Amino acid sequence: MHDRRFNPASAHKLEDPQRLVWLPPDAIVAALEVQPGDVVADIGAGTGYFALPLARAIGPSGHLFAVDAQQEMLSLLRQKLDSAPMPNIEPVHAEADRTSLPDHACSLVFLANIWHEFDDRGAVLRETMRILRPGGRIAILDWRTDVEPVAGPPLAHRIADADAQNELRRAGFAPLPSTALWPSSWLVQGVRPQ
C-alpha cells in the first residue's frame, strides 16, 4: 500500500462526529441529485459514510454497489448492514480500475476522498466510462488544495478541482461546473456521452 491510500487502522476517524460538520453527507448526497431507482457505484465506500445515505436516497427500487479495495473496510460496512439491513446495498471487493461491475450498469459513479490516492487516474476513468450508462454521471469529491487540512491527506497529496475537471475532459466526459461548498472539499462531476 502506498502512503496515499487510507489506512484501515484509522477507520475510527471516519466515524468521528466532527466529520458530520465539515463533510455533511446529506448535503453532499443532495448535491448529487440522485433519484429513486438510480444505480450507484460508491467507489471507495469504506465504512459506508456516503453509501448509507445514498442508498436511502435511491430507495428500495435503486441499487448501490459499495466498492472498496480493502476487505477490512467492507467488513466494517457489513457489520453496519448486519445491525440495520439495507437490501439495496451490495458490498463489492475490488479496485477502482477493475470493479467487476457489469458494462453500463450505473447511472452514477461516486468517488469520495480517494481521487488523490490513485496512481493511474486514467485507468479509473476508463473503468468508470465502462460501467456508466450513456448519459450517466461521475462525481468526484476530494480535498481542497487551498485550505489547511482539518483532516485528510497532507496538501502535497491533494489534487486541484481544475485538474480533476481536465482529467474528465481528456477521458471523454463532459465536465459540469465544480462546487466548493464544504470547508475542506470540492465536488467535480461529468457526464458520459450518449
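The sheet in this predicted model is an open one of 7 strands, and if you follow it across, the strands come in the order 3-2-1-4-5-7-6, with mixed pairing. At its edges stand strand 3, residues 89-93, and strand 6, residues 174-175, and each has a single partner strand, so one side of each is left without a neighbour in the sheet. Strand 6 is joined by 2 bridges to strand 7, residues 185-191, and these two strands run antiparallel. If you would like to find that pairing on the screen, look for Pro175, which stands opposite Gly190 in strand 7.

Now to the helices that pack on the sheet. Helix 2 touches strand 4, strand 5 and strand 7, and its direction makes about 25° with that of strand 7. Helix 4 also packs on the sheet, but there the contacts are with strand 2 and strand 3, and the direction of the helix makes about 160° with that of strand 3.

Let me stay with helix 2 for a moment. Which of its residues are buried? They are Pro25, Ile28, Val29 and Leu32, and, seen down the helix axis, they fall within an arc of 100°, so they line one face of the helix. The face turned away from that buried side carries the exposed residues Asp26 and Ala30. Just after helix 2 comes Glu33, which takes a positive phi of about 55°.

That brings me to the interior. In soluble globular proteins, nonpolar side chains tend to be buried together. Here the largest nonpolar core has 30 residues, of which Phe50, Leu54, Phe110 and Leu141 touch the most other members. The elements giving two or more residues to this core are helices 2, 3 and 4 together with strands 2, 4 and 5, and the largest share, 5 residues, comes from helix 3. Take Leu54 as an example: leaving aside residues up to four places away in sequence, Leu54 touches Val29, Leu32, Val34, Val40, Asp42, Leu64 and Phe110. Val29 and Leu32, you may recall, are among the buried residues of helix 2. There is also a second, separate core, with 29 residues, including Ala94, Met129, Leu132 and Trp186.

Finally, I would like to point out Val21, which has its place in helix 1, residues 19-22. Is Val21 buried or exposed? Val21 is exposed, because its relative accessible area is 57%, and exposed here means over 50%. Although Val21 and Trp182 are 161 residues apart in sequence, their C-alpha atoms are 9.3 Å apart in space.

Terms used. Residues are numbered from 1 along each chain as its sequence is written. This is a predicted model: local features need pLDDT of at least 70, side-chain atom pairs count only at pLDDT 80 or more; totals for chains, interfaces and linings use all residues. Side-chain values use heavy atoms; hydrogens and water are left out. A nonpolar core is a set of buried Ala, Val, Leu, Ile, Met, Phe, Trp, Tyr and Cys residues joined through side-chain atoms within 4.5 Å. Buried means under 20% relative accessible area, exposed over 50%, partly exposed in between (1.4 Å probe, protein chains only). Helices (H or I, at least four residues) and strands (E, at least two) are DSSP runs, numbered from the N terminus. Contact means heavy atoms within 4.5 Å. Two strands pair if DSSP finds at least two bridges between them. Axes are lines fitted to C-alpha atoms, for helices over the stretch in contact, and angles run from 0 to 180 degrees between N-to-C directions. The arc is that of the directions from the helix axis to the C-beta atoms.
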